[in-house]
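Student: Please take one part of this structure for a close look, and then set it within its wider setting of charged pairs, packing and pockets.

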Amino acid sequence: VPELIEVEAYRVAAEAVVGRTIEAAEHPDPWVLRGGPDPAGLAVDLQGAVVEGLGRRGKLLVVETDAATIGLRFGMTGRLVVDGRAPIEQLLYGPPGAPERWLRLRWTFVGGGSLDLVDPRRLGRIEVDPDLDRLGPDAASLTLSQLRDALGGSVAPLKARLLDQSRVAGIGNLIVDETLWRAGISPVRPAGDLDDGEVRVLHRRLRSTISMLTARGGSHTGDLQPARIRGAACPRCGAPLRRDEVGGRTTFWCPAHQR
Ligand SMILES: [Zn+2]
């Protein structure tokens, strides 16, 4: 969290600033620019720049200006606030509200309005000219053959492969667990071992799960979600759920119906 569903909501909200001119660009926390330009230099570059458009690849929000292309990564708790309104008020792992000390970016515009990045846990990041080639195809528009390519030949656990943003971009812990649970496929199977029928089922379930969670309002709205606690039973078949570390993330899955 936020996964592509939340970042897409940020992108849609940020469309409001397209065409505006940046009056002042503040980046009060140098940490979020790590490895990039210094905050003061970036502020000078962006002053007077016009926001020309927005894009998204996976969990990366891309803001095109006529001075630079800026990539925003939201980590675990990053939220975007546009003209003082938050498209997502609270994230599953983040506290609500937007006090100044969580402010990592604030652009104010000629004629009014602002774009803020609020990130309590500071795992987000601001990048200049982000390298989109490091990211795999976006999960929301992933084709069957792209999924086949992402999994084929891999001995990594299926879930780890799906979380690898260089293979498939945009899905994180919650969407992957919900998708595999709905597809009836085990997260610990070697990714390359899925047969063609299973890859087809996974592809269909991935697309339908993203659509469903988007309609419901977020990555945390899945049917498996209430059972993401120790000792819970599978909401589909009633078997005891397993809780394992897979791909470095806490994973809930049903050994009875996920094979
Ligand atoms: Zn089950």
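Tutor: The account below begins with one buried acidic residue and moves outward from there. The model is predicted, so local features need pLDDT of at least 70 and side-chain atom pairs count only at pLDDT 80 or more, while totals for chains, interfaces and linings use all residues. Residues are numbered from 1 along each chain as its sequence is written, and side-chain values use heavy atoms, with hydrogens and water left out.

Asp138 is found in the loop that runs between strand E8 (125-128) and helix H3 (144-151); helices (H or I, at least four residues) and strands (E, at least two) are DSSP runs, numbered from the N terminus. With a relative accessible area of 10%, Asp138 is buried; the term means under 20% relative accessible area, while exposed means over 50% and partly exposed in between (1.4 Å probe, protein chains only). The side chain of Asp138 makes a polar contact of 2.7 Å with the side chain of Arg56, and it also reaches the backbone nitrogen of Ala140 at 3.1 Å. A polar contact is a pair of N or O atoms within 3.5 Å; within protein, one must be able to donate a hydrogen and the other to accept it, and residues adjacent in sequence count only if both atoms are side-chain atoms. Leaving aside residues up to four places away in sequence, Asp138 touches Leu4, Arg56, Arg57, Gly58 and Ala169, where contact means heavy atoms within 4.5 Å.

Asp138 also belongs to a network of salt bridges that links it with Glu8, Arg11, Glu15 and Arg56. A salt bridge here is a side-chain nitrogen of Lys or Arg within 4 Å of a carboxyl oxygen of Asp or Glu, and the structure holds 21 of them. One of these joins Asp29 to Arg104, with the closest N and O atoms 3.2 Å apart. Asp29 lies in the loop between strand E1 (22-26) and helix H2 (39-46) and Arg104 in strand E6 (residues 103-109), so this pair ties together parts that are 75 residues apart in sequence. Both Asp29 and Arg104 are buried.

A salt bridge also joins the side chains of Arg148 and Asp196, at 3.0 Å from N to O. Because Arg148 lies in helix H3 and Asp196 in helix H6, the pair ties together parts 48 residues apart in sequence. Arg148 is partly exposed at 33% relative accessibility, and Asp196 is partly exposed at 35%.

Helix H6 (196-216) is also among the packing partners of helix H5: the buried residues of H5 pack against helix H1 (4-14), helix H4 (158-163), helix H6 and strand E10 (249-253). Ten of the eleven residues of H5 (residues 173-183) are buried, so this helix is largely enclosed by the rest of the structure. Among the buried residues of H5 are Asp177, Glu178 and Trp181. Gly184, which follows H5, has a positive phi, near 70°.

Finally, the lining of the largest pocket comprises eleven nonpolar, four polar and seven charged residues; Ala, Val, Leu, Ile, Met, Phe, Trp, Tyr, Cys and Pro count as nonpolar, Asp, Glu, Lys and Arg as charged, and the others, Gly among them, as polar.
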